[in-house]
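Dear colleague,

I am passing on the structure below, together with notes on what turned up in it. Please read the notes with the model open.

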Amino acid sequence: MDRHRLIVLLTGKGNPDALCRDALDRGANFTIAAGALPASHYARIYDRRERHCRQHGIATLGFGRGVERLHDATDQPVRLGWVEGKDPNYHFQLFFTDDLSAVVACIGIDQRFRHFNETTGQG
């Protein structure tokens with residue numbers, strides 16, 4: 001998938017989609033993984049990750065709504081992708097339909113906390 005196509009697929013009106021589009025427009029690196037698993041598989045994993053972020057005060061964008069969308073997609077095959085934004089410093093986790101025709105969910109996770117821990121050993 002090329003950058004322009006990915007930007008076009010990020011049609012959500014919320015902050016995660018808009019910031020992810022902006023990051024891609026500014027040249028952020030992106031990856032789309034091969035293979036797919038049922039959305040319910042990712043819903044369980046990302047439900048736990050959302051709780052972890054909340055418990056540790058890590059800022060997120062659209063995490064709860066993204067997990068809901070994965071739960072709603074149940075056994076639909078979903079492929080993963082991600083975008084590494086620099087300004088703001090967010091990791092955007094993307095979930096696509098298996099044929100890459102639509103984004104099922106976009107979640108933004110603030111990376112400042114991660115960077116702080118890796119560079120200082122604190123946190």
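To begin with one residue: is Tyr46 buried or exposed? Tyr46 is buried, with a relative accessible area of 5%. Please keep in mind throughout that this is a predicted model.

Aromatic residues

The count of aromatic pairs comes to 4. In one of them, Tyr46 and Phe63 are tilted against each other, with 6.4 Å centre to centre and 40 degrees between the planes. Tyr46 belongs to helix 3 (residues 39-55) and Phe63 to helix 4 (residues 63-73), so this pair ties together parts that are 17 residues apart in sequence. Phe63 is buried as well, its relative accessible area being 2%.

Another aromatic pair consists of Tyr90 and Phe92, and this one is stacked: the centres are 6.0 Å apart and the planes are at 25 degrees. Both Tyr90 and Phe92 are buried.

Tyr46 and Phe63 also belong to an aromatic cluster, which they form with Tyr42 and Phe95. In addition, Arg49 lies over the face of Tyr46, at 4.8 Å from the ring centre.

Strands 4, 5 and 6

Strand 5 spans residues 90-97, and 8 of its 8 residues are buried. Strand 5 pairs with strand 4 (residues 77-84) in the antiparallel sense, over 7 bridges. In this pairing, Phe95 of strand 5 has Leu80 opposite; Phe95 is also the residue named above as part of the aromatic cluster. The two strands form a hairpin with 5 residues between them.

Strand 5 is also joined to strand 6 (residues 103-110), again by 7 bridges and with the strands running antiparallel. Here His91 stands opposite Ile109 of strand 6. Strand 5 and strand 6 form a hairpin too, with 5 residues between them. In that turn, Leu100 has a positive phi of about 60 degrees.

Cysteines

How many disulfides does the structure hold? The number is 0. Cys20 is in no disulfide, and the nearest cysteine sulfur, that of Cys106, is 4.5 Å away. The cut-off for a disulfide is sulfur atoms within 2.5 Å, so the 4.5 Å between the sulfurs of Cys20 and Cys106 does not meet it. Cys20 is buried, with a relative accessible area of 0%.

Cys53 is in no disulfide either; for Cys53 the nearest cysteine sulfur is again that of Cys106, at 14 Å. Cys53 counts as buried, at 7% relative accessibility.

Cys106 itself is placed in strand 6 and is buried, with a relative accessible area of 7%. Which residues does Cys106 touch, leaving aside those up to four places away in sequence? The contacts are Leu10, Pro16, Asp17, Cys20, Leu61, Gly62, Phe92, Gln93 and Leu94. Among these, Phe92 is the partner of Tyr90 in the stacked pair described above. Cys106 and Pro77 are 29 residues apart in sequence, and their C-alpha atoms are 16 Å apart in space.

Regards

How values were computed: Residues numbered from 1 in each chain as written. Predicted model: local features only at pLDDT ≥ 70, side-chain atom pairs only at ≥ 80, totals over all residues. Heavy atoms only, no water. Buried < 20%, exposed > 50% of the residue type's maximum accessible area, 1.4 Å probe, protein only. Helix = DSSP H or I, 4+ residues; strand = E, 2+ residues; numbered from the N terminus. Pairing = 2+ DSSP bridges. Phe/Tyr/Trp six-rings, centres within 6.5 Å; stacked < 30°, edge-to-face > 60°. Lys NZ or Arg CZ within 6 Å of the ring centre and 35° of its normal. Contact = heavy atoms within 4.5 Å.
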